[in-house]
Amino acid sequence: MNLHRCRIVFAVGSLCVMLTSSRAEVTGPTAYGKTADGTAVEQYVLKNKNGMVAKLITFGATVTELEVPDKKGKTADVVLGFDTVAGYQSEDNQYFGCTTGRVCNRIAKGKFTLDGKEYKLAVNNGENHLHGGAKRSLDRVVWKAEPLKDKNAVRFTYSSPDGEEGYPGKLDVSVTYTLTDKNELRIEYAATTDKATPVNLTNHSYFNLSGHGSDTILDHELTIPADKYTPTDEGLIPTGKIADVAGTPIDFNKPTKIGARIEKLVKTPTLGYDHNFVLGKHDLTTPIATVRDPKSGRVLTVYTDQPAVQLYTGNFLKGQKGKGGKVYKHQSALCLETQHYPDSVNHPEFPSIILKPGQTYKHVCVYAFSAE
Ligand code: BGC
């Protein structure tokens, strides 16, 4: 090719890139709807230069949509959710995309003792406490929000009064979602308190890398480089043991299809994967989980600074209707919830989740997307 033709090809190529790529931007707040008690809920939209889009609402500081390109550059919304606030407030909402806390996962019998005082929490999962309570858990309240335009981020804040859902201390929480041009949704949590109190926050996004409402995630291939997990009893409360994954269906050290061994778990209390992996030595540059969808080629890589991750394969999804009338059938999505071990408040041998006045709780979770 001569130099002149080469220049023309280059110019046309650059024009195509300019036309197809967009700029990173934050839009919002825009009105999303109202809760049953009339509180306004707002939406924010983050876009990056590759066409990835994250939509977030102030109800539960929730991720409602995540448009991610596949290997051909075609985007699909890879998270479960609803189209309305009423959907998010309905019985069909099994914590889709929300911020979960004050303490995510389970607390045995909804009780713990701190500094000699016993605290009683809502019992909302069999005889146990799940995901911060029944009425005013962090997923059910309306947060304040501010766009951080120069960072392509939105920061949500909520001040939980002393005693809310039975937890001690006034807890000031923030969750910042940033969408980077490396196709990462970065979630950064911070919290402070005026009394010693347990804190264990997570994001509860349900992913199906073929797009929400697609078939099951049993063909998604998962890697979790972890040698240990916290076995649980019939109520999914840790027994206190830290067991080896080796030789069990819970070993994902080598890439394995989620459906390859799940049958061995369906008759156990977890009904599928609902396990907390103890993460070995890692930092924010070491993947703690990788999920590959052979159909779309989309890959989700998870990074965190937390000591554990809960793998949950949507075993309680019941065919409810979500966004655009799509049906969310049994095991049609998975959650990878970065966190501390479940029921840590009742297990002094587990890393502590007690936050004291003067300290700041911090947690980073990165959901990074690529395609191959
Ligand atoms: C838990 C499941 C629970 C689900 C609720 C997950 O974090 O591990 O046991 O059923 O949340 O949607």
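**The largest cavity**

Begin inside this predicted model, at the lining of the largest cavity. Its residues divide into two nonpolar, five polar and two charged. Select N105, R106, T232, L236, D274, H275, N276, Q310 and P342 to show that lining. The space they enclose is about 50 Å³. How many cavities of 30 Å³ or more does the structure hold? The count is one.

Which strand gives the most to the lining of the largest cavity? Select residues 274-278. That is strand β21, and it gives three residues.

Keep R106, L236, D274 and Q310 selected, as they line the largest cavity. R106, L236, D274 and Q310 are also among the residues that surround the ligand. That is the next stop.

**The ligand**

Show the ligand. Around it, select Q94, Y95, R106, H131, H204, Y206, L236, D274, Q310, Y312, F316 and E337. Colour this shell by class. You should get five nonpolar, four polar and three charged residues.

Now zoom in on three side chains, one at a time.

- R106: one of its polar side-chain atoms lies 2.8 Å from an oxygen atom of the ligand.
- H204: an N or O atom in its side chain is 2.9 Å from an oxygen atom of the ligand.
- E337: an N or O atom in its side chain is 2.8 Å from an oxygen atom of the ligand.

How much of the ligand does the protein bury? Taken alone, the ligand exposes 310 Å². The protein buries 95% of that area.

**The largest pocket**

Where does the ligand sit? It is in the largest pocket. Hide the ligand for a moment and look at the space. The volume of this pocket is about 700 Å³. Its lining is made of 30 residues. Select N93, Q94, Y95, L130 and R140, the lining residues closest to the pocket's centre. Q94 and Y95 should look familiar, since both belong to the ligand's surroundings.

Colour the whole lining by class. The largest pocket shows ten nonpolar, twelve polar and eight charged residues.

**The second largest pocket**

Move on to the second largest pocket. Its volume is about 200 Å³. It is lined by 13 residues. Select L148, R155, S174, T176 and E188, which come closest to its centre.

Which elements give two or more residues to this lining? Select them in turn: β12 (153-160), β13 (171-179), β14 (184-193) and β29 (361-371). Then colour the lining by class. Five residues are nonpolar, four are polar and four are charged.

**Backbone stops**

Switch to the backbone for three last selections.

Select G28 and P29. The peptide bond from G28 to P29 is cis, and its omega is near 10°. P29 is placed in strand β1, residues 25-34.

Next, select G101 and R102. The bond between them is also a cis peptide bond, with omega near 10°. Here R102 lies in a loop, between β6 (99-100) and β7 (106-107).

Finish at N152. What is its phi? The angle is near 50°, a positive value in a residue other than glycine. Trace the chain to either side and you will see that N152 lies in the loop between β11 (144-148) and β12. You have met β12 already, as it gives two or more residues to the lining of the second largest pocket.

Conventions: Residues are numbered from 1 along each chain as its sequence is written. This is a predicted model: local features need pLDDT of at least 70, side-chain atom pairs count only at pLDDT 80 or more; totals for chains, interfaces and linings use all residues. Side-chain values use heavy atoms; hydrogens and water are left out. A residue is near a molecule or strand if one of its heavy atoms lies within 4 Å of it. A polar contact is a pair of N or O atoms within 3.5 Å; within protein, one must be able to donate a hydrogen and the other to accept it, and residues adjacent in sequence count only if both atoms are side-chain atoms. Accessible areas come from the Shrake-Rupley method with a 1.4 Å probe; for residues, only the protein chains shown count as cover. On a 1 Å grid over the protein atoms alone, a cavity is a set of points where a 1.4 Å probe fits but cannot get out, and a pocket is an open set with protein on both sides within 12 Å along at least five of seven lines; lining residues have an atom within 4 Å of a point. A molecule sits in a cavity or pocket if more than half of its atoms lie within 2 Å of its grid points. Ala, Val, Leu, Ile, Met, Phe, Trp, Tyr, Cys and Pro count as nonpolar, Asp, Glu, Lys and Arg as charged, and the others, Gly among them, as polar. Grid points are joined across faces, edges and corners, and a volume is the space filled by probe spheres set on the points. Helices (H or I, at least four residues) and strands (E, at least two) are DSSP runs, numbered from the N terminus.
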